[in-house]
Every structure is written in structure tokens, then in C-alpha cells.
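This report goes through a structure from the contact between its chains to the build of each chain and some single residues. The sequence and coordinates are shown first.

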Amino acid sequence: MARNTVGPRADQAWATDYYQPSPPADTRPAPRPGTPKAAKKPASDHGLQRRSPKSRVDEWMEADFKFGGSRIKRKAVALVLLGLPAPVPLFFMLPALVTLNSNTFAVSVDDTLGTGAEICLFLCLLVTPMVTLTGQHWFVPLRRWYGIMMAATSIGDAVAASITDNFAGGVFGRLAGHVFELMGFLMVMLVIPIVCTSNPWAQKKLGKYWKRFQRLTYVIWGLLACHLMLLEGFGFESGSNGSGFAGDGDAVFHQRFYQYSACSLFLLTLRLPPVKRWIADRQKEGRSWLVWVTVAPIFALFVLGFVFILNEEIFKGIDSFMNHPSAE
Amino acid sequence: MTTEAYPGAGRPGMTSGGVIITAVSCLSALLVIAALVYATGIGQRHTAALAAADCEPNLSPSGQQCTTQPMMAAEYAAMLAPAGQQLTTDAAAYTANEGDHLAVAEAALTAEVAAERALGRSLAAFPFPPAIARLAKGLIQANQARAGLTAEQAASSSLTRLRSFNHQVQLADAAVQTEMKLVLAAVDAPLPGG
């Protein structure tokens, strides 16, 4: 009989337990009935203050299937497949690292790893809105994974830039010689403590402060806006003086700040407590269709922005991989 | 942010969350429609922008859609720099040893031949536009002749024989320099029709 030879929980090691979705910021213990506070405000009437029951998809994902003599959870496979793209930006730079090709690093590491880190950040931030919309939780572990990969990619970007960039002023000048670089440098400085505390031990040690501390990710999100704004003249520079290439026919789509804004609108709106409550209320009323109809244009805008970020990552990444970097 | 009904919304079911998400949704829908309208003109804008930016469609060494004059000049300079450096080093090694160390001088010349042939291959692979390609062909031929002569010199059996090639090699080198200046001037200058 087939059995799991590694252990009962080996197939779900990074997929469970520690990084279950945290309760939202306004979570408070429900007051006991009869207390004045309870009389004033009924507890949990929007479905936000209690963990919702498992959805059918969550249950389906929890089920095992047999593979090569082991039993593997569907969730584990789905998480691995969804998590696989995260290290791709680092993979793109691998040939340049192995051959110590400083030209590839100098020309395209910022685009390849910087854009890669942006993608990982957005995917990390996408988890919460998707939980709000779908009520599913099986993909929540991806938040941690994408967060860690975002840190690895951005630190790699900073290290490479500090060695190979052409800016004057030594290592510090290359890292923070311009204001947009300073923003990037601050992001990396913030990401280091966040990633260092992204583990169960730190979560236990920091207790209630852990979640607050992890929310520094939102500061990184904001700094990224400043970084991209300053990088391309507040979104007005394009062609050889900004994003895209000199003969670009769709410069607006290639503006990094516009891409960022298109993606962030969705991620931000679905984080607002009143919007979350509105969605929870509609779902409770059985009018999920209304939620989907309302959210569809915002999500379409997110996809539009994200597709162009991915496009840039793929093309510049492949150029970097071939050690023939694109200077666009 | 509160859970109370939004005071200006007019109907009881409309909360602040509803107002926010509806407004953002409408804005997003407008932006998506604007993006689609903008996307319909990409083709014409692309053609116009390529022409306006002096892009050379045949100059795409890294798969870029647009290579401009300065980009090509930079690529060309980047290709020449390491070859020039290597040739200078080898020539210095030869000059230092041509009087008394046959083996060392020959080794320097062999390295010079390898560098000259590598330069020839790089020049042949460089995507020169048609107007410059003719000049580049002259440079490649001159470089080939110089490499042949240097290879012959490297096979010399004595120091006297080795030095007897010096004048011919200098002439071949001067020919390469002349051709190189012509190509460099053409690469730096605006392309015909640009």
C-alpha cells in the first residue's frame, strides 16, 4: 500500500500552519454579551472578525492524491506550480553571474531583477485581495514565498548595482547617488529586517508586534511608487529618455509608473476596510455576482498593468540570460 | 473608515465601501477603455516613432526593436576596445623581445594573430548598415592581410628573418588603421537618410 515515506506533513511543510491569513487590522475580541460595548456594537456582523469556514475549493485542495508511492495534497502541487515563477528573475541573471559578465550586470540587472522584485511584490500583495474576493485560503502561503523571493531579488539587484553601476561616488554613490536610487536603497534596507523576521521563531518572539512589523511592506510599496516616479520623470519620460525604446509606439504602456499605478489601484482598493466590508456583506447576501461585476474593471486594469510588467521582465530577462543585455 | 451608511449616497444599502468601489470601478473601466482606444493606434505610432528616432531596423544586435546611431557607435566601440587593447599588449611584447628572445617574440606574434583573427570575426558579424558594410568589408580584408603576414612572421626560424617582416607588417598595419578610421567616421556620422 502506498504511503507517505517522508512523514504525514512533509508534503505541506511550507504550505500550512504559520502563515495562515492574519486577522485584519480591526480585529478585536468579540465583547461578551451583556457588556455595554456589546450592546453598542454587535460583534462580527460583516464576516471580517471571524475566520470564514473553508470554501469548497479549500476542501478540494486539502484532498490527497497518489503520486509515485506517496500521497500528496493537491494544494501542495498547486502551490509549488504557482510559486515556481518567483525565482525566474534570478535565473535570468545566472549566466552573467557564472561568466562574471560585468557588462550584462551593468546594463540590465536593474531591469531584470528590479522588475522581478516588483512582480514578486505585487504577487505577494495580491494574496489578500484574492482571499477577500474568493473566500479561499489555500494559496495564502504564496504570500510568504513571494515576499521572500521579492527580498532575494531586490537584494541581488542592490548588490549588483553597487558593484557594476556607472554612477560616481563609490558603492554608496552607486546605491544612493540619485534620489530614485535612494528610494530603491531604502526599500532594500527595509526588506532585510522584514525577510529576517518572516519565520515562525520571529513571529513567536515579536508576538503582537510581528504583524505591525511586517506591514513595513506597505512602506516598500509606497517607496516603489516614488522610485518609479523619479526614474521616469513622474511618468512623462519615454523612449531613449525613459521607458521603452527610442522608436516606441506604445510608450504609455511601457511607463513603469503607470504600470505600477494600474496594478496598485486593485491591490489598494480591495484592502480598504469599508470595501472589504461591502464585499463581505454582498457575499453574505448571496450577491457575489455584484462583487465580481464591480471588481471586474479594476481587475482588468490590474491585468493590463501586470501584463506589461511581465512583458518587460521576459524580454529583458531573456536578453540578460543570453548575455546580450538590452539597454532600453 | 466606518461601517455606517454613506450619508450622501441616497439609498440605505449604499455604504462608504460601496461608493468607493463603484467610483474606482468606473474609473478603472474608463482607463481600460482608454487603453484599448490607445492600443488601436500602436502600429502607426510605432512606424512614425521609428522614423523619427532614426532607428535602423537592420541594427538589432540584442533583439532591440530600435538601434539608433549612438547605440550603434557604442556597440562598435565596445567591440573594438578589447581587441585594440590585446593587440597593443602583444605588439609591446614583440617589440621588447624581437632583439634577443626568438621564442618569446614568436609567442607574442602568435597571440597577435589570434587577436587579429578574432577582430576579423567580430567585424564580419557586426550588423553594419548597407552604406557602411562596403567600408567594413575593406577593413576586414586589410585585417585579414595583416593577420596572414603576422602569422608568416611568427613562423620565422631566426631573429633576423623575424625582423625582416617588420616593414611589411607596419605597412599592413597602416592600411588597417586607415580603413578603421574610415569605418569609425562612417559609424559616428549620421547614417545616409537618417
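Which residues in H16(A) and H1(B) meet? The model is predicted, and in it A:Thr294, A:Pro297, A:Ile298, A:Ala300, A:Leu301 and A:Leu304 of H16(A) are in contact with B:Ile21, B:Thr22, B:Val24, B:Ser25, B:Ser28, B:Ala29, B:Leu31, B:Val32 and B:Ala35 of H1(B). By class, this contact of H16(A) with H1(B) holds 11 nonpolar, four polar and no charged residues.

**Contact between the chains**

H16 of chain A spans residues 288–321, and H1 of chain B spans residues 16–40. Their axes lie 8 Å apart, and the angle at which the two helices pack is about 45°. H16(A) and H1(B) are therefore oblique to each other. Their crossing is left-handed.

**Helix packing within chain A**

H16(A) also packs against H14(A), which covers residues 256–269; the axes of these two helices come within 7 Å and cross at roughly 140°. H14(A) and H16(A) are therefore oblique to each other, and H14(A) passes H16(A) in a left-handed crossing. On the side of H14(A), the contact is made by A:Gln259, A:Ala262, A:Cys263, A:Leu265, A:Phe266 and A:Thr269. On the side of H16(A), the residues are A:Ile298, A:Phe299, A:Leu301, A:Phe302, A:Leu304, A:Gly305, A:Phe306, A:Phe308 and A:Ile309. Sorted by class, the contact of H14(A) with H16(A) has 12 nonpolar, three polar and no charged residues.

A:Ile298, A:Leu301 and A:Leu304 of H16(A) appear in the contact with H1(B), and A:Ile298, A:Leu301 and A:Leu304 are also among the residues that H16(A) brings to the contact with H14(A).

Another pair in chain A is H6(A), residues 102–134, and H12(A), residues 216–231. Their axes come within 11 Å and cross at roughly 135°. That makes H6(A) oblique to H12(A). H6(A) passes H12(A) in a left-handed crossing. A:Glu118, A:Leu121 and A:Leu125 of H6(A) make the contact with A:Ile220, A:Trp221 and A:Leu224 of H12(A). The residues of this contact of H6(A) with H12(A) comprise five nonpolar, no polar and one charged.

The geometry of the three helix pairs is listed below.

| Helix pair | Axis distance | Crossing angle |
|---|---|---|
| H16(A) and H1(B) | 8 Å | about 45° |
| H14(A) and H16(A) | within 7 Å | roughly 140° |
| H6(A) and H12(A) | within 11 Å | roughly 135° |

**Build of the chains**

Chain A has 16 helices and two strands. Of its 328 residues, 39% are buried. Taking contacts in chain A between residues at least 6 apart in sequence, 68% join residues at least 24 apart.

Chain B has seven helices and zero strands, and its pattern along the sequence is α-α-α-α-α-α-α. Chain B has 194 residues, of which 27% count as buried. In chain B, 57% of the contacts between residues at least 6 apart in sequence join residues at least 24 apart.

**The hairpin of chain A**

How do strands E1(A) and E2(A) run, and how many bridges join them? E1(A), residues 64–67, and E2(A), residues 70–73, run antiparallel and are joined by four bridges. One of the residues with a bridge partner is A:Lys66, whose partner in E2(A) is A:Arg71. The two strands form a hairpin with two residues between them. In the turn, A:Gly68 has a positive phi of about 55°.

**Single residues**

A:Leu100 also has a positive phi, of about 50°, although A:Leu100 is not a glycine. The residue lies in the loop between H5 (94–98) and H6 of chain A. Is A:Leu100 buried or exposed? With 8 other C-beta atoms within 10 Å, A:Leu100 is exposed, because a residue with 12 or fewer such atoms counts as exposed.

A:Asp281 is located in H15(A), which spans residues 273–284. A:Asp281 has 20 other C-beta atoms within 10 Å and is therefore buried, the cut-off for a buried residue being 20 or more. The C-alpha atom of A:Asp281 is separated by 9.8 Å from that of A:Val291, and the two residues are 10 residues apart along the chain.

How values were computed. Residues are numbered from 1 along each chain as its sequence is written. Chains are lettered from A and ligands numbered from 1 in the order in which they are written. This is a predicted model: local features need pLDDT of at least 70, side-chain atom pairs count only at pLDDT 80 or more; totals for chains, interfaces and linings use all residues. Axes are lines fitted to C-alpha atoms, for helices over the stretch in contact, and angles run from 0 to 180 degrees between N-to-C directions. Angles under 35 degrees count as roughly parallel, over 145 as roughly antiparallel, 65 to 115 as roughly perpendicular and the rest as oblique. A crossing is left-handed if the near helix is turned anticlockwise from the far one by less than a right angle, and right-handed if clockwise. Two residues are in contact if their C-beta atoms, placed from the backbone, lie within 7 Å. Ala, Val, Leu, Ile, Met, Phe, Trp, Tyr, Cys and Pro count as nonpolar, Asp, Glu, Lys and Arg as charged, and the others, Gly among them, as polar. Two strands pair if DSSP finds at least two bridges between them.
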